[in-house]
Each structure stands twice: as C-alpha cells, then as structure tokens.
Amino acid sequence: MACHANYANFQGNYKEEGFNDLNNIYQLCWPNGEIFFKIEIFESQALLEKVYEAINHWNRVNFPHCVFKLASNQSYWVTFIQDKSGGCPKADIGCLHIQDQVISLPEFYPDGSEVLEECILHEMMHCAGFRHEHQRNDRDEHLKVVEEGFDYDVKKLKLIITIKP
Ligand SMILES: [Zn+2]
C-alpha cells in the first residue's frame with residue numbers, strides 16, 4: 001500500500017526553522033530518543049485502539065532507545081490524526097520541532113481494506129526519521145527502480161543523511 005512520507009514538509013520546515021546543516025542527523029532526531037505525541041482520533045474507536053496497540057508494540061520493542069511518550073508540557077510533539085477522506089497514511093520525517101507535525105491515518109484504504117497496526121508502525125518509523133529505502137540517493141547502486149506506473153513518490157531524495165554505526 002502507498003505511503004506518503006512527507007519530505008516536502010520536512011524540507012520546508014527545515015528552512016523555516018533555520019536549520020543550517022542538512023547533513024546533520026542530530027537536527028532530525030527526537031532529543032533523548034523521546035517522541036512526544038498526542039492523539040486526536042475521535043471518529044473511529046477501532047483506529048484509536050490500533051494506534052494504542054502500535055504505540056505499545058513500539059515501546060515494548062524499542063525501549064529504552066526510542067520511545068513514544070504522551071505529551072504534556074512539551075514545546076513540540078507529533079499528533080496522530082484520522083484522515084476522514086480516506087487518503088493513504090502520511091507522516092512527517094524525523095523531528096520537526098513544531099506543534100503541527102502529524103501522523104495522518106485513514107481507517108480504511110481506498111480499496112476498503114483496513115489500515116493495519118503494521119501500517120501505523122511504518123508511519124511511526126518515518127516520524128522517528130526513517131525514509132523509504134527505495135528513495136535513498138544511492139539506491140541505483142543496489143536496485144533497478146521503474147518509476148513509471150507508480151501513483152506515489154518513488155523519486156530519489158537529494159538529502160543524504162548517513163548514520164554511522
Ligand atoms: Zn512510508
């Protein structure tokens with residue numbers, strides 16, 4: 001299923017917020033590995049429960065390195081919202097240090113199938129800073145990507161952020 005990792009928003013906010021080193025991974029990271037969140041899903045109890053399951057799953061697996069924590073008095077956070085238009089899931093990439101960063105989730109995909117917990121975890125990965133592997137700048141050294149026929153973004157991203165092990 002398609003997923004829109006919101007690189008454009010990331011890039012825009014990056015400039016507006018005055019970040020000056022696009023290759024500095026630390027500006028993209030959530031400080032202390034803490035991803036503060038709010039949930040504003042009011043229409044679908046089923047989707048709300050799946051979001052909580054995904055957060056619990058994430059925290060079981062990733063504690064103590066990268067944890068989703070309920071926001072209280074933080075100055076920025078990510079908000080899980082429901083996309084009532086039924087679009088594909090979307091997420092901003094990394095920490096934007098803003099208050100309107102979102103993980104946007106429909107209850108159902110356009111083909112009528114349910115959004116699964118793993119779809120939510122996928123978007124949470126984007127929020128933590130991961131992009132799609134097929135969008136890596138060096139992907140052509142490893143993959144042959146046929147861009148025609150895709151209804152979502154398979155373009156390479158110019159920004160390279162390398163995390164050294
Ligand atoms: Zn994605």
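The exercises below, each with a worked solution, concern a predicted model.

**Exercise 1.** Establish which parts of the model carry low confidence and which element scores highest.

*Solution.* Begin with the whole protein, which averages a pLDDT of 80, with 74% of the residues scoring at least 70. Turn next to the elements, among which strand 3 (residues 67–70) has the highest mean pLDDT, at 98, whereas helix 1 (residues 7–16) has the lowest, at 44. Then look at the stretches: over residues 7–23 the pLDDT is below 50, although this stretch has 17 contacts in the model beyond near neighbours in sequence. Residues 160–165 also have a pLDDT below 50, and this stretch has six such contacts. Where pLDDT is low, the predicted coordinates should not be read in detail.

**Exercise 2.** Describe the largest nonpolar core and the elements that supply it.

*Solution.* The core has 23 residues, and those with the most contacts inside it are I35, I103, I120, M124 and C127. At least two of its residues come from each of strand 2 (34–40), helix 2 (45–62), strand 4 (78–82), strand 6 (101–105) and helix 3 (117–128). Following M124 as an example, one finds that M124 touches A54, W58 and I103, leaving aside residues up to four places away in sequence.

**Exercise 3.** Work out how helix 2 and helix 3 are oriented to each other.

*Solution.* The two helices pack at an angle of about 60°, with their axes 9 Å apart. Angles that are neither under 35, nor over 145, nor 65 to 115 degrees count as oblique, and helix 2 and helix 3 are therefore oblique to each other. Helix 2 passes helix 3 in a right-handed crossing. On helix 2 the contact is made by K50, V51, E53, A54, H57 and W58, and on helix 3 by E117, I120, L121 and M124.

How values were computed
Residues numbered from 1 in each chain as written. Predicted model: local features only at pLDDT ≥ 70, side-chain atom pairs only at ≥ 80, totals over all residues. Core = buried A, V, L, I, M, F, W, Y, C linked by C-beta atoms within 7 Å. Buried ≥ 20, exposed ≤ 12 C-beta atoms within 10 Å, placed from the backbone. Helix = DSSP H or I, 4+ residues; strand = E, 2+ residues; numbered from the N terminus. Contact = placed C-beta atoms within 7 Å. pLDDT = per-residue confidence, 0-100. Axes fitted to C-alpha atoms, helices over the stretch in contact; angles between N-to-C directions. Left-handed = near helix turned anticlockwise from the far one by under 90°.
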